[in-house]
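Ready for a few exercises with the structure open beside you? Try each task on your own, then walk through the worked solution.

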Amino acid sequence: MANILVVDDELGIRDLLSEILNDEGHSVDLAENATQARAARAAHAYDLILLDIWMPDTDGVSLLKEWATAGTLTMPVIMMSGHATIDTAVEATRIGAFSFLEKPITLQKLLKAVEQGLARTAAPAPAAAVAAAAAAPTASAMASGHAAQGANASAPATDMPHAVPPAGMAPAALPASGPSAHQGFDLDRPLREARDGFEKAYFEFHLAREGGSMTRVAEKTGLERTHLYRKLRQLGVDLGRAKRNQ
């Protein structure tokens with residue numbers, strides 16, 4: 001988890017970036033102008049800053065230069081803009097910006113830029129070698145497990161943990177293993193209401209099954225993540241509930 005500051009004068013962009021980064025496990029602070037950004041930077045140590053270029057009081061490039069001059073540009077800064085020229089991006093990079101994102105920002109570009117920015121300042125840790133060593137036995141155990149599974153392929157179905165229940169056993173007698181994929185809907189209502197009810201149940205089902213991970217739900221449902229957020233808000237889906245049920 002990283003501490004990230006998002007600086008943008010557009011409320012919608014601040015909220016969207018905050019939700020995406022929070023969902024990825026990061027701690028996010030928000031600032032709507034350079035004044036708030038200065039105060040946040042003075043009060044906290046951030047691992048990365050997402051900084052909009054065009055803001056009403058002080059533009060992002062000037063704020064970046066201010067931090068660089070004062071020697072407080074100690075974290076990667078990713079500049080954002082929907083109207084900046086190549087010259088502006090080059091100037092920001094020369095001052096010390098890590099990278100530049102053009103609006104509208106896609107999910108893939110945002111997460112990649114954040115990942116690369118955090119990797120830049122991440123010091124090599126001995127724990128990484130320990131983790132790699134620990135992963136080796138795990139991988140070996142998994143390989144052995146797959147081999148054993150192949151050897152037991154001819155075993156009777158009743159010996160398998162997920163065997164098909166005998167004929168006559170009602171599905172209700174099986175242990176519950178997650179949210180139900182079969183639900184009833186009241187079709188005696190206007191089409192829009194019925195459709196919204198189905199879509200809400202559909203997304204709540206996938207959120208519960210994926211443990212509240214917006215990334216996996218986006219991949220599963222085939223929606224671009226920013227569109228998925230808007231859809232869930234429109235339907236009134238409680239995102240916090242899915243995370244609490246993990």
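A residue counts as buried under 20% relative accessible area, as exposed over 50%, and as partly exposed in between. Keep in mind that this is a predicted model.

**Exercise 1. Lys65 and its partner**

Task: Find the salt-bridge partner of Lys65, and classify both residues by accessibility.

Solution:
- Step 1. Lys65 forms a salt bridge with Glu91, and their closest N and O atoms are 3.8 Å apart.
- Step 2. Since Lys65 lies in helix H3 and Glu91 in helix H4 (residues 86-95), the pair ties together parts that are 26 residues apart in sequence.
- Step 3. Lys65 has 39% relative accessibility, so it counts as partly exposed.
- Step 4. Glu91, at 29% relative accessibility, also counts as partly exposed.

**Exercise 2. A network around Lys103**

Task: Work out which residues the salt bridges that share partners join into one network.

Solution:
- Step 1. Begin with the whole structure, where a search finds five salt bridges.
- Step 2. Asp8 pairs with Lys103 in a salt bridge whose closest N and O atoms are 2.7 Å apart. This pair links distant parts of the chain, 95 residues apart: Asp8 is in the loop between S1 and helix H1 (11-23), and Lys103 in the loop between S5 and H5.
- Step 3. Asp52 forms a salt bridge with Lys103 too, with the closest N and O atoms 3.2 Å apart. Here Asp52 sits in strand S3, 51 residues from Lys103.
- Step 4. Check burial: Asp8 has a relative accessible area of 0% and is buried, while Lys103 counts as buried at 16%. Asp52 is buried as well.
- Step 5. Put together, the salt bridges that share partners join Asp8, Glu10, Asp52 and Lys103 into one network.

**Exercise 3. The peptide bond after Lys103**

Task: What kind of peptide bond joins Lys103 and Pro104?

Solution:
- Step 1. Omega is about -5° for this bond, which is cis.
- Step 2. Locate Pro104 in the loop between strand S5 (99-102) and helix H5 (107-121).

**Exercise 4. The two sides of H2**

Task: Which residues of helix H2 (residues 34-43) are buried, and what covers them?

Solution:
- Step 1. Ala34, Ala37, Ala40 and Arg41 are buried in H2.
- Step 2. These residues are on the same side of H2 because they cover an arc of only 120° around the axis.
- Step 3. On the other side of H2, Ala42 and Ala43 are exposed.
- Step 4. The cover over the buried residues includes strand S1 (3-7), strand S2 (27-31), strand S3 (48-52) and helix H3 (60-70).
- Step 5. Finish at the start of H2, where a side-chain oxygen of Asn33 comes to within 3.2 Å of the backbone nitrogen of Thr35.

Terms used. Residues are numbered from 1 along each chain as its sequence is written. This is a predicted model: local features need pLDDT of at least 70, side-chain atom pairs count only at pLDDT 80 or more; totals for chains, interfaces and linings use all residues. Side-chain values use heavy atoms; hydrogens and water are left out. Helices (H or I, at least four residues) and strands (E, at least two) are DSSP runs, numbered from the N terminus. Buried means under 20% relative accessible area, exposed over 50%, partly exposed in between (1.4 Å probe, protein chains only). The arc is that of the directions from the helix axis to the C-beta atoms. Contact means heavy atoms within 4.5 Å. A polar contact is a pair of N or O atoms within 3.5 Å; within protein, one must be able to donate a hydrogen and the other to accept it, and residues adjacent in sequence count only if both atoms are side-chain atoms. A salt bridge is a side-chain nitrogen of Lys or Arg within 4 Å of a carboxyl oxygen of Asp or Glu.
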